[in-house]
Amino acid sequence: MTDWPTDTARRVPDGVHTASRGGGRMRLLGLIRKETGQILRDPSSIAIAFLMPVILLLLFGYGVSLNAREIPIAVVADAPDAQTAGLFAAFRQSRYFDIREETDLAGARLALRQRKIQAIIHAPADFSTKLLNPQHQAPVQLIVNGVDANQARLIEGYVTAAWQGWMAARAKQQGLDFKLPVSLSARVWFNPELRSRDYLVPGLIAVIMTLIGALLTALVMAREWERGTLEALMVTPLRLNELLLGKLIPYFVLGMGGMGLSVVMALWLFDVPLRGSLWVLILTAAIFLSAALGMGLLISITARNQFVASLLAIITTFLPAFMLSGFIFDIGSMPGWLQVLTHVIAARYFVVILHTVFLAGDVWRVIIPNTLAMLALAMFFLGISRRRIRKSLE
């Protein structure tokens, strides 16, 4: 098979360097026009770049929430009276609970086993007696469904807050000074309303664009292999670097368009604040997308089949980006070997950058090292792709 003309294989006299560079630009523009025409004739790439981010952001943005609302909870009073009614009223006023009254503890436990409720608040028969006697502490039992450990902790925290609010209000009605042993002054930075959507949507952009960037280029070279048109390209004066750039640039533009659409949806549809610089966002997004496109190109060169390439792109990009980027699961809580593996996932760095730029601003000590890591990954994937395609042709 004929070797692909490399950049060093064709050395020209000094006097014709300018003409050579001009010829290279013409060849590159010609390939970009050819690839753009291919994209317009087959709009599947446009759908991947613009339709998939919209669908996935709508699904995940509205469907996934880390906040718990209207948790079904049963309240049981062995001796119902004004004191237990006042306590349970405090839980009814909370937006986090959907309170259901049970007449006995056995019925509430059965409902908990059947997963009709998530917790039980039980006031024993001596609750009111001990509550009205300052020499005793009034007992209240909380039983929580611990199958979902995170939700169990949330319920415990919500119940504690509601109980403390009721105690403070009761002390105020009696003219007493209610004080806890420790006074905690809490202040939440960057996301003061604790909206999970402000955290989820920027991370979703990184995960979704990882998949889209890889899918866009995963089919490029595989399509040429399947149709047998790659050998036709070999006999043209096109050089290897020009081929890779000509294949990447149209899909880079498409990917940046999809990225821009995702950011617009985050700002205007999900109302996520953008406290950092838009230019920082664009620059880091371009570097991240280069890494994603480079990975897709490597898959495309290796697979040589569009179906296999698309499957590999989904398995090797979306799932690792979703599970190991720190978007959902804390990387610091993972085993050591898995933490090492996360360093080769570009989404890990882009998730951190997006959270910082959207919610905190331009924190350079966070942005610069993560941007350099993404740049190294982009150079790695593009460099391996260049070496790999040359070996494949030989």
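A crossing of two helices is right-handed if the near helix is turned clockwise from the far one by less than a right angle, and left-handed if anticlockwise. The model used in these exercises is predicted.

**Exercise 1. Describe how α8 and α11 pack.**

Step 1. Two packed helices are described by the angle between their axes and the distance between the axes.
Step 2. Find the helices: α8 covers residues 220-227, and α11 covers residues 278-303.
Step 3. Their axes come within 7 Å and cross at roughly 20 degrees.
Step 4. Angles under 35 degrees count as roughly parallel, so α8 is roughly parallel to α11.
Step 5. Add the hand: the crossing of α8 and α11 is right-handed.

**Exercise 2. Which residues make this contact, and how do they divide by type?**

Step 1. From α8, take Val220, Met221, Ala222 and Trp225.
Step 2. From α11, take Leu297, Ser300 and Ile301.
Step 3. Sort them: 6 are nonpolar, 1 is polar and none is charged.
Step 4. Ser counts as polar, so Ser300 of α11 is the polar one.

**Exercise 3. Which residues of α8 are buried, and what phi does Gly228 take?**

Step 1. The buried residues of α8 are Val220, Met221, Ala222, Arg223 and Glu224.
Step 2. Move just past the end of α8. There, Gly228 has a positive phi of about 75 degrees.

**Exercise 4. Is Arg239 buried or exposed?**

Step 1. Locate Arg239: it sits in the loop between α9 (230-234) and α10 (240-269).
Step 2. Its relative accessible area is 12%.
Step 3. Buried means under 20%, so Arg239 is buried.
Step 4. Now look at Leu28. Arg239 and Leu28 are 211 residues apart in sequence, and their C-alpha atoms are 9.1 Å apart in space.

Key: Residues are numbered from 1 along each chain as its sequence is written. This is a predicted model: local features need pLDDT of at least 70, side-chain atom pairs count only at pLDDT 80 or more; totals for chains, interfaces and linings use all residues. Side-chain values use heavy atoms; hydrogens and water are left out. Axes are lines fitted to C-alpha atoms, for helices over the stretch in contact, and angles run from 0 to 180 degrees between N-to-C directions. Helices (H or I, at least four residues) and strands (E, at least two) are DSSP runs, numbered from the N terminus. Angles under 35 degrees count as roughly parallel, over 145 as roughly antiparallel, 65 to 115 as roughly perpendicular and the rest as oblique. Contact means heavy atoms within 4.5 Å. Buried means under 20% relative accessible area, exposed over 50%, partly exposed in between (1.4 Å probe, protein chains only).
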